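This note is meant for a colleague meeting the structure for the first time. Its points are numbered so that each may be checked against the model in turn.

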Amino acid sequence: MPSKLARLNEILRGMERVAVAFSAGVDSTLLLKAAHDALGDENVLAVTAVSPSLPARERDEAAALARQIGARHIFIETREFDDPRYRANTPERCYFCRLVTYAELLDAARTHGFGSLVDGANADDTGDYRPGRRAARGHGVRSPLQEAGLTKAEIRTLAREFGLPNWDKPSAACLASRIPYGTHITAEALRSVEKAEEALRALGFRTLRVRHHGQVARIEVPPADFPALLRQREAVIQSLKTAGYAYVTLDLAGFRSGSLNEVLAQTAGNGADNGH
């Protein structure tokens with residue numbers, strides 16, 4: 001891994017000045033830290049996109065982490081919600097979202113004198129279904145962690161060595177990823193998901209998703225957390241009903257990132273053309 005870190009530093013120094021698409025996840029946090037160490041304060045800018053799909057918790061954490069690193073940091077309001085193709089929530093949703101978001105991040109970066117934008121994609125991000133990566137390539141966004149061959153596990157190890165407080169933070173995704181393809185995205189639905197997930201965190205759960213199925217909330221937590229969740233069954237039900245759901249369910253398959261993409265694999269297996 002030292003050779004990979006050396007390669008990361010080489011890539012960053014070769015870029016000279018970079019704006020970092022900063023989400024407060026462990027990947028983009030390590031990238032921001034590495035860029036700041038390699039290039040210095042004047043040559044690095046953290047840019048965080050703010051929209052209805054970003055939980056308030058993530059926005060606050062981004063500000064705190066950038067302060068700890070000592071990096072300049074700005075928030076920009078992005079307008080992917082204005083695009084009806086995004087709100088329609090087809091399997092291409094992430095592409096339409098990133099198409100807008102990366103364009104606006106680049107505009108903000110250039111306004112502040114930064115011509116290059118980098119993101120926190122890593123060497124493991126070539127799996128699953130990731131249409132947003134296509135938008136990144138189209139805008140010329142580079143992924144230094146991926147270019148250096150750093151995996152998620154290696155990134156966590158480095159983040160811990162660098163003293164980053166979120167080194168063991170569970171993987172996150174935007175709130176829109178909780179809504180099944182074909183169900184239109186609304187601000188109200190995103191707020192319900194955010195409230196539901198915050199309620200579960202307040203009850204002590206760290207790794208979780210609340211999938212939004214209209215009036216039904218489908219909870220995903222690791223199977224090891226099932227007993228704890230069932231012990232607090234009444235509190236869980238009440239909290240999620242307060243968030244706007246009429247019915248509360250537990251997914252017996254447990255937590256897994258990208259579970260809503262499982263229907264795409266099933267469709268492909270049935271011989272349908274889903275366009276990927």
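1. Asp251 is a suitable place to begin. In this predicted model, Asp251 has a relative accessible area of 11% and is therefore buried, since buried means under 20%. Its salt-bridge partner is Arg256, and the closest N and O atoms of the two residues are 3.0 Å apart. Arg256, at a relative accessible area of 21%, is partly exposed. The pair thus joins a buried acid to a partly exposed base.

2. A second pair may be read alongside the first. Arg85 and Asp83 form a salt bridge whose closest N and O atoms lie 3.0 Å apart. Asp83 has 9% relative accessibility and counts as buried, whereas Arg85 is partly exposed, its relative accessible area being 42%.

3. Which residue forms a salt bridge with Arg206? The partner is Asp168, with 3.8 Å between the closest N and O atoms. This pair links distant parts of the chain, 38 residues apart: Arg206 belongs to the loop between helix H9 (187-202) and strand E5 (209-213), and Asp168 to the loop between helix H8 (152-161) and H9. Arg206 counts as partly exposed at 48% relative accessibility. Asp168 is also partly exposed, with a relative accessible area of 32%.

4. Salt bridges also occur as a network, which links Arg57, Arg178, Glu197, Glu198 and Arg201. For the model, the count of salt bridges comes to 23. As for the charges themselves, the protein chain has 36 positive and 34 negative ones, and the mean positions of these two sets are 2 Å apart.

5. Two members of that network reappear in the surroundings of Leu208. This residue is located in the loop between H9 and E5. Beyond its neighbours within four places in sequence, Leu208 is in contact with Glu197 and Arg201 of the network, and with Leu200, Glu220, Val221 and Phe255. Is Leu208 buried or exposed? With 1% relative accessibility, Leu208 counts as buried, because the cut-off for that class is under 20%. The C-alpha atom of Leu208 is 9.0 Å from that of Gly254, although 46 residues separate the two along the chain.

6. Thr29 offers a buried site within a helix. The residue is placed in helix H2 (residues 26-39), and its relative accessibility is 0%, so Thr29 counts as buried. With residues up to four places away in sequence set aside, the residues that Thr29 touches are Phe22, Ala24, Leu65, Ile69, Leu164 and Asn166.

7. Cys97 is likewise a helix residue, placed in helix H5 (residues 93-111). Its relative accessibility of 10% means that Cys97 counts as buried. Not counting residues up to four places away in sequence, Cys97 touches Glu80 and Tyr86. Between the C-alpha atoms of Cys97 and Gly138 the separation is 13 Å, and the two residues are 41 residues apart along the chain.

8. Thr186 may be set against these buried sites. It lies in the loop between H8 and H9 and is partly exposed, its relative accessible area being 31%. The loop between H8 and H9 also holds Asp168, discussed above. The C-alpha atoms of Thr186 and Arg79 are separated by 14 Å, with their positions 107 residues apart along the chain.

9. The overall architecture can now be stated. The protein chain contains twelve helices and seven strands. Its radius of gyration is 19 Å, close to the 19 Å given by the globule rule for 276 residues, so the protein chain is as compact as a globular protein of that length. Taken along the principal axes, the box filled by the C-alpha atoms is roughly 55 × 40 × 35 Å.

10. Finally, burial, contacts and surface may be considered for the chain as a whole. Of its 276 residues, 46% count as buried. Among contacts with a separation of 6 or more, 73% are between residues 24 or more positions apart. The protein chain exposes about 12700 Å², of which 51% is supplied by carbon and sulfur atoms.

Technical notes. Residues are numbered from 1 along each chain as its sequence is written. This is a predicted model: local features need pLDDT of at least 70, side-chain atom pairs count only at pLDDT 80 or more; totals for chains, interfaces and linings use all residues. Side-chain values use heavy atoms; hydrogens and water are left out. A salt bridge is a side-chain nitrogen of Lys or Arg within 4 Å of a carboxyl oxygen of Asp or Glu. Buried means under 20% relative accessible area, exposed over 50%, partly exposed in between (1.4 Å probe, protein chains only). Helices (H or I, at least four residues) and strands (E, at least two) are DSSP runs, numbered from the N terminus. The radius of gyration is taken over C-alpha atoms; the globule rule is 2.2 Å times the number of residues to the power 0.38. Contact means heavy atoms within 4.5 Å. Accessible areas come from the Shrake-Rupley method with a 1.4 Å probe; for residues, only the protein chains shown count as cover. Lys and Arg count as positive and Asp and Glu as negative; His and the chain ends are not counted. The place of a charge is taken as NZ of Lys, CZ of Arg, CG of Asp or CD of Glu.
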